Amino acid sequence: MVSRAGQLRLLPWAGPEGKPCYLAGERTGYLSRLADNMESAQLGLAGELLQEAKRVLDGRQWTPGELHLLAVQLTKMLTNVHRIAVSRGERLPAPAYEDLDAIDDEDEDDQLDTPQPTQRA
């Protein structure tokens, strides 16, 4: 993978044979804006599909065919949303700590170093 400054961006669409597509370069170009717009549209469609799924399931009167179609659509949308999450996660700044246990250890050390109030009799 490329360094964070020159990082590749996972695009919200697949290439031939379902392989992931990546974009190298600035985040302000035409393809980057197109990817942003497509991600926004995909997330909006996912929200609409989620509402439709709730409506269908709440009705409790569905056919096996309707459930199958719903599962296919939800799987496709979940794939899109997962790709967007991965892409955005890869573009986040590096965490301050790689080891979250180190944060807990520091918090415990800070508590031990904090003077405790004294009680007067």
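Once its neighbours within four places in sequence are left aside, Arg 83 is in contact with Leu 10, Leu 11, Pro 12, Trp 13 and Ala 14. In this predicted model, Arg 83 has its place in helix 2, which covers residues 64-90, while strand 1 spans residues 9-14, and the points below set that residue beside the hairpin, the surface patch and the chain as a whole.

**Arg 83 and its surroundings**

- Although Arg 83 is buried, it has no salt bridge, and the nearest side chain of opposite charge, that of Glu 39, is 8.7 Å away.
- A salt bridge calls for a side-chain nitrogen of Lys or Arg within 4 Å of a carboxyl oxygen of Asp or Glu, and the distance of 8.7 Å from Arg 83 to Glu 39 can be read against that cut-off.
- The contacts of Arg 83, apart from its neighbours within four places in sequence, include Leu 10, and Leu 10 in turn stands opposite Tyr 22 in strand 2.

**The hairpin**

- Strand 1 (residues 9-14) and strand 2 (residues 20-23) run antiparallel and are joined by 3 bridges.
- The two strands form a hairpin with 5 residues between them, and Glu 17, which lies in the turn, has a positive phi of about 65°.
- Across the pair, Arg 9 stands opposite Leu 23 in strand 2, whereas the residue opposite Leu 10 is Tyr 22.
- The side chains of strand 2 alternate along its length, with Cys 21 and Leu 23 pointing to one face and being buried, while Pro 20 and Tyr 22 point to the other face and are not buried.

**The patch on the surface**

- Tyr 30, Leu 31 and Leu 34 make a nonpolar surface patch of about 300 Å².
- Leu 34 belongs to helix 1, which runs over residues 30-59, and Leu 34 counts as partly exposed because its relative accessibility is 34%, a value that falls between the limits of 20% for buried and 50% for exposed.

**The chain as a whole**

- The protein chain has 3 helices and 2 strands, and from the N terminus on its elements follow the order β-β-α-α-α.
- Of the 121 residues of the protein chain, 18% count as buried.
- The accessible surface of the protein chain comes to about 9600 Å², and carbon and sulfur atoms account for 57% of that area.
- Among contacts in the protein chain with a separation of 6 or more, 53% are between residues 24 or more positions apart.

Definitions and conventions
Residues numbered from 1 in each chain as written. Predicted model: local features only at pLDDT ≥ 70, side-chain atom pairs only at ≥ 80, totals over all residues. Heavy atoms only, no water. Patch = residues over 30% accessible without salt bridge, like charges linked within 9 Å, V, L, I, M, F, W, Y side chains within 5 Å. Areas by Shrake-Rupley, 256 points an atom, 1.4 Å probe, with all protein chains shown as cover. Helix = DSSP H or I, 4+ residues; strand = E, 2+ residues; numbered from the N terminus. Buried < 20%, exposed > 50% of the residue type's maximum accessible area, 1.4 Å probe, protein only. Lys, Arg positive; Asp, Glu negative; His and termini not counted. Contact = heavy atoms within 4.5 Å. Pairing = 2+ DSSP bridges.
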